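This report describes selected internal spaces and one helix packing in a protein model. The structure is shown first, and the description follows.

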Amino acid sequence: MTDTETGTRTAIDAAAAWHAQLESPDMDWARFGAWLEADAEHRRAYESIALLDAEIADAAPAIAARLPANDVDTVAPAAAMRPARWRLAALGGGGALAAGLALLLVVPSAETAAQIYTTGRSETRAVTLADGSRMQIDRGSRVTVSGARSPVIEIAQGAASFAVRHDPSRVLTVRAGGYEVRDIGTRFDVVSAHGRVAVTVAQGMVGVRPIGGESADMTTLHAGQALDITPAKQIAARRSIDPARVADWADGRLEYDGAPLALVAADISRYADRPLMVDPSAADLRFSGVLTIGDGSRLVDQLRAVLPIRARAVGGVVHLDARGGG
């Protein structure tokens with residue numbers, strides 16, 4: 001075995017050990033996060049373990065259905081009683097077992113049909129996913145959900161917040177604007193609107209990367225952090241946030257503390273009839289306060305009441321500029 005193979009084997013063993021601890025009340029999330037970020041190989045190893053476990057769980061019904069009838073009483077019950085974390089802990093025992101598990105994955109499993117959720121300008125919607133996670137969909141959103149134990153959520157437009165329970169047998173994936181958010185158990189929010197993707201984390205941590213990207217492309221966000229992405233320009237900026245304000249739209253408000261006007265305008269655009277653009281004359285303005293969403297029609301007026309700006313409609317876009325600006 002080469003040094004590279006030895007290193008990979010060690011990373012997989014460590015990943016399996018971490019994965020087996022996820023449901024433990026003594027799970028050290030800080031050390032786990034540090035281990036993930038210490039080496040790109042660690043993240044690749046962990047993802048392979050988590051995805052393998054999720055795929056095995058999804059395939060379990062199909063596997064059981066294909067077992068010979070005389071094996072049902074002896075094999076199926078034992079397999080059904082074995083917790084997922086024990087299956088993964090055993091991966092460190094050698095390549096033969098890992099290869100055997102990989103062979104099981106070729107058995108096709110039935111996928112649930114994709115479900116599309118849309119919301120109007122004045123309604124939000126709460127959805128409980130098949131894996132027990134909870135999703136709250138914002139106003140004016142279109143969200144597609146597919147998969148069962150490892151859901152894949154596509155946000156075509158709008159926003160959704162997620163409360164994901166810790167479960168070693170699945171990974172929840174949210175896709176928006178060409179990026180994907182991978183989660184194993186936390187509370188976070190994803191916005192996709194007007195060429196902007198924003199991910200904010202209230203609890204736990206998530207990984208964000210371009211769809212189809214490598215593990216080395218993953219950005220890890222912890223509680224109290226946000227990532228603002230402009231997909232067209234492949235620009236991403238990390239910022240600190242108040243975890244208590246994540247998905248504040250669910251309560252019918254938008255709350256800010258020294259936020260750049262461009263960020264506020266991007267949020268308002270999700271609810272207004274027309275997109276907003278901040279002109280250079282007002283680019284340095286920041287806003288602190290609370291905006292009441294309502295039906296979205298009064299958001300700009302609320303902003304104008306406290307900031308020295310004016311709103312001008314030009315070609316279907318509302319421009320916000322400094323009073324007296326050109």
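The second largest cavity holds about 40 Å³ of space. The model is a predicted one, and the structure contains 2 cavities of 30 Å³ or more. Lining the second largest cavity are Val-174, Arg-175, Ala-176, Tyr-179, Glu-180, Val-181, Val-190, Val-197, Val-199, Val-208 and Ile-229. Two or more of the lining residues come from each of the strands β6 (172–176), β7 (179–183) and β9 (196–203). By class, this lining comprises 9 nonpolar and 2 charged residues, with no polar ones.

The largest pocket is an open space of about 590 Å³. It is lined by 25 residues, and those closest to its centre are His-194, Arg-196, Thr-230, Ala-262 and Ala-266. At least two lining residues are supplied by each of β12 (225–230), β13 (235–240), α7 and β15 (276–278). Helix α7 gives the most to the lining of this pocket, namely 5 residues.

The two spaces are set out by volume and by the classes of their lining residues in the following table.

| Space | Volume | Nonpolar | Polar | Charged |
|---|---|---|---|---|
| Largest pocket | about 590 Å³ | 15 residues | 4 residues | 6 residues |
| Second largest cavity | about 40 Å³ | 9 residues | no residues | 2 residues |

Helix α7 also takes part in a helix packing. Two packed helices are described by the angle between their axes and the distance between the axes. Helix α7 (residues 261–269) packs with helix α8 (residues 299–306) at an angle of about 160°, and their axes lie 10 Å apart. Because angles over 145 degrees count as roughly antiparallel, α7 is roughly antiparallel to α8. The crossing of α7 past α8 is right-handed. On the α7 side, the contact is formed by Leu-261, Val-264 and Ile-268, and on the α8 side by Leu-299, Val-300 and Leu-303. The contact of α7 with α8 thus consists of 6 nonpolar residues, with no polar and no charged residues.

Helix α7 therefore appears in two settings: it contributes 5 residues to the lining of the largest pocket, and it is roughly antiparallel to α8.

How values were computed
Residues are numbered from 1 along each chain as its sequence is written. This is a predicted model: local features need pLDDT of at least 70, side-chain atom pairs count only at pLDDT 80 or more; totals for chains, interfaces and linings use all residues. Side-chain values use heavy atoms; hydrogens and water are left out. Axes are lines fitted to C-alpha atoms, for helices over the stretch in contact, and angles run from 0 to 180 degrees between N-to-C directions. Helices (H or I, at least four residues) and strands (E, at least two) are DSSP runs, numbered from the N terminus. Angles under 35 degrees count as roughly parallel, over 145 as roughly antiparallel, 65 to 115 as roughly perpendicular and the rest as oblique. A crossing is left-handed if the near helix is turned anticlockwise from the far one by less than a right angle, and right-handed if clockwise. Contact means heavy atoms within 4.5 Å. Ala, Val, Leu, Ile, Met, Phe, Trp, Tyr, Cys and Pro count as nonpolar, Asp, Glu, Lys and Arg as charged, and the others, Gly among them, as polar. On a 1 Å grid over the protein atoms alone, a cavity is a set of points where a 1.4 Å probe fits but cannot get out, and a pocket is an open set with protein on both sides within 12 Å along at least five of seven lines; lining residues have an atom within 4 Å of a point. Grid points are joined across faces, edges and corners, and a volume is the space filled by probe spheres set on the points.
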